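Biologist: I'm new to this one. Could you walk me through how to read it?
Modeller: Sure, let's take a look together.

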Amino acid sequence: MVAVENTRERLLAAAQRLFAQGGEDATSLRAITREAGANVASVNYHFGSRDELLRLVLEGYVEPINARRLAMFDAVVAEHGDRVPVGVLLTAFLRPDLDALADLRAHNPQIARFIGRAYTQPSASVAGFMYKQFAPVAERLIPLLQQTLPKVPAVDLSIRLGFVVSIITGLFATATPSPDGQPPLESPDVDHQLARLIAFLEPGLTAPPPRGESDDHPHNP
């Protein structure tokens, strides 16, 4: 049993290293097995396919970020009630990303860039997976924004949230090593990064809908 588990862990570790170094397209199944000292049959046994191995590598990083977001949403609702201030919601949404990015810049910036590319340039094998990972976050956040911003149609909130996601995934995709690389948003301090993002994003989220659009879409009372 120990040997079986060791093989599985070696394959995961090898896949993580190679996907981070070369990206999805440049990482073959044979390269992973060679790096892990295993064979192709072991990948099929433990994971079913290279694509499933890829998804598990991403899941190990993306799932904890989204789980923390959901927990922070619950906490701010418990504190503020039905109408949580937009800046507080943005903090709950962005802080897990920025903390994870700071840690990856210090220890594995290649993985940060790999995660960013998985969001910004997803292949067919991961696009559906990344959508599935993010869906519970959007399904929780958009209704909270609607409660706070009842005059902004849900479709506009969804579009604006997409802009927020594009910015944060861009920070991952362009991550440099710390402490010597260029820090995100010109600051190595996560609190400063968060403040700068919120100062920019909050006015966009709270802006009134385009002229005439609020009459075309029902909104919450």
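Modeller: Keep in mind that this is a predicted model. The domain assignment splits the protein chain into domain 1 (7–47) and domain 2 (55–206).

Biologist: What distance separates the centres of domain 1 and domain 2?

Modeller: Taken over C-alpha atoms, the two centres are 28 Å apart. Ten residues from domain 1 and eleven residues from domain 2 make up the contact.

Biologist: How do I put a number on an interface like that?

Modeller: People often quote the accessible area that is lost when the parts come together. Here, domain 1 and domain 2 bury about 810 Å² between them, and 62% of that is on carbon and sulfur atoms.

Biologist: Which three residues supply 58% of the area that domain 1 buries against domain 2?

Modeller: That would be Gln16, Ala20 and Glu24, more than any other three residues.

Biologist: How many salt bridges and polar contacts are there between domain 1 and domain 2?

Modeller: The salt bridge count is zero, but two residue pairs are in polar contact across the interface. On the side of domain 1 that touches domain 2, five residues are nonpolar, three polar and two charged.

Biologist: And how should I read aromatic pairs?

Modeller: You describe a pair of aromatic rings by the distance of the centres and the angle of the planes. The whole structure has two aromatic pairs. In one of them, phenylalanine 19 and phenylalanine 114 are stacked, at 5.7 Å centre to centre with 0° between the planes.

Biologist: Which parts does the pair of phenylalanine 19 and phenylalanine 114 tie together?

Modeller: Phenylalanine 19 sits in helix α1 (residues 2–22) and phenylalanine 114 in helix α6 (residues 109–120), so the pair links parts that are 95 residues apart in sequence.

Notes. Residues numbered from 1 in each chain as written. Predicted model: local features only at pLDDT ≥ 70, side-chain atom pairs only at ≥ 80, totals over all residues. Heavy atoms only, no water. Domains from an automatic or database assignment. Contact = heavy atoms within 4.5 Å. Buried area = accessible area lost by both parts, 1.4 Å probe. Salt bridge = Lys/Arg side-chain N within 4 Å of Asp/Glu carboxyl O. Polar contact = N/O pair within 3.5 Å; in protein donor to acceptor, adjacent residues only side chain to side chain. Nonpolar A, V, L, I, M, F, W, Y, C, P; charged D, E, K, R; others polar. Phe/Tyr/Trp six-rings, centres within 6.5 Å; stacked < 30°, edge-to-face > 60°. Helix = DSSP H or I, 4+ residues; strand = E, 2+ residues; numbered from the N terminus.
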